[in-house]
Amino acid sequence: MMDLWSALQAIILGVVEGLTEFLPISSTGHQIIVADLIDFGGERAMAFNIIIQLGAILAVVWEFRRKIIDVVVGLPTQAPARRFTANLLIAFLPAVVLGVLFADLIHEYLFNPITVALALVVGGVIMLWAERREHRVAVDHVDDMSWHHALKIGFVQCLAMIPGTSRSGSTIIGGLLFGLSRKAATEFSFFLAMPTMVGAAVYSGYKYRHLFQPNDLPVFALGFVVSFIFAMIAVRGLLKFIASHSYAVFAWYRIAFGLLILATWQFGWVDWSTAHA
């Protein structure tokens, strides 16, 4: 059984993960900030984050299940399905290599609210610049992407290893800069999240398998379900939003939120100096 406060913590963090994972505002950054504010940290939090990230990615798998089935069925005979799969693998590889090499160092030195705040602000400024520049569309649909588009987006995704940068923000804005339409960039970001997040969860889950305790199962299950539900809401909402809007609103949110964190630190309103994920 779990106590009321543990249940509330699981719900809050599940909501945060679900809503922010696929929006270009950094789910990791928000998790670090919120987890510190509600005093949910340490090894238990590390294991919990692995579970709720799986909940979020399952929402994307469910949302795009028809496309996934079509690709799997078409692999033996259809060139577009094979090209799409190859592009995902190509885009996925840079994160695998750099993640294995540098993930522990990044987690040790950069997983703190101040780094998150700075990355939020810098990323927001870059997003505004990317949206205001002339956008020439060379790829209108994810099936029309070439391998070099996928490779460039894969390298850009690696920037998200810095907490506060945002995996979805990096891949979406990178896609726009490399000539993808807003819809194609967003959808490819969702598809790329599947192998990236599942791979990271499996790697982290195995590495930190000793952190999973039977007593935490109710809390983890609650967080998983909440994350799944709110990720579904966020994904569907974002796909509708981008049909007629730019990403500028997310950029301004990032900048405002980042500056708020920096202000609370600078004026001593919140002591972030010892805060870690």
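1. Let's start with a term you'll need right away: a residue is buried when its relative accessible area is under 20%, exposed when that area is over 50%, and partly exposed in between (1.4 Å probe, protein chains only). By that rule, F64 and F190 are both buried. Keep in mind that this is a predicted model, where local features need pLDDT of at least 70, side-chain atom pairs count only at pLDDT 80 or more, and totals for chains, interfaces and linings use all residues. Residues are numbered from 1 along each chain as its sequence is written, and side-chain values use heavy atoms, with hydrogens and water left out.

2. Now for the rings. A pair of aromatic rings is described by the distance of the centres and the angle of the planes. Here, rings of Phe, Tyr and Trp (its six-membered ring) pair if their centres lie within 6.5 Å; planes under 30 degrees apart are stacked, over 60 edge-to-face, and the rest tilted. How many aromatic pairs does a search of the whole structure find? The count is 11. One of them is F64 with F190, a tilted pair with 5.8 Å between centres and 50 degrees between planes. These two rings come from distant parts of the chain, 126 residues apart: F64 is in the loop between α3 (42-63) and α4 (65-74), while F190 is in helix α9. Helices, by the way, are DSSP runs (H or I, at least four residues), numbered from the N terminus.

3. Have a look at F241 and F250 too. Their pair is edge-to-face, at 5.6 Å centre to centre and 70 degrees between the planes. F241 is partly exposed because its relative accessible area is 24%, whereas F250, at 13%, counts as buried.

4. Ring pairs also join F22, F64, F84, F190 and F191 into a cluster. F84 has a charged visitor: K67 lies over its face, 4.7 Å from the ring centre. (A charge sits over a ring if NZ of Lys or CZ of Arg is within 6 Å of the ring centre and within 35 degrees of the ring normal.) R209 lies over the face of Y206, at 4.2 Å from the ring centre.

5. On to charges. Side chains of opposite charge can pair when their charged atoms come close. A salt bridge means a side-chain nitrogen of Lys or Arg within 4 Å of a carboxyl oxygen of Asp or Glu, and the count here comes to six. Among them is E63 with R236, whose closest N and O atoms are 2.7 Å apart. E63 is in helix α3 and R236 in helix α10 (residues 217-241), so this pair ties together parts 173 residues apart in sequence.

6. K67 turns up again, in a salt bridge with D143 (2.8 Å, N to O). D143 sits in the loop between α6 and α7 (147-157) and K67 in helix α4, so parts 76 residues apart in sequence are tied together. R182 and E131 meet in a salt bridge as well (2.5 Å, N to O). That pair links helix α9, home of R182, to helix α6, home of E131, across 51 residues. E131 is buried, at 16% relative accessible area.

7. Last, two smaller spots. A35 lies in helix α2 (residues 27-37) and touches L13, H30 and F40, leaving aside residues up to four places away in sequence; contact means heavy atoms within 4.5 Å. T115, in helix α6 (residues 113-132), touches L110, I162 and P163 on that basis.
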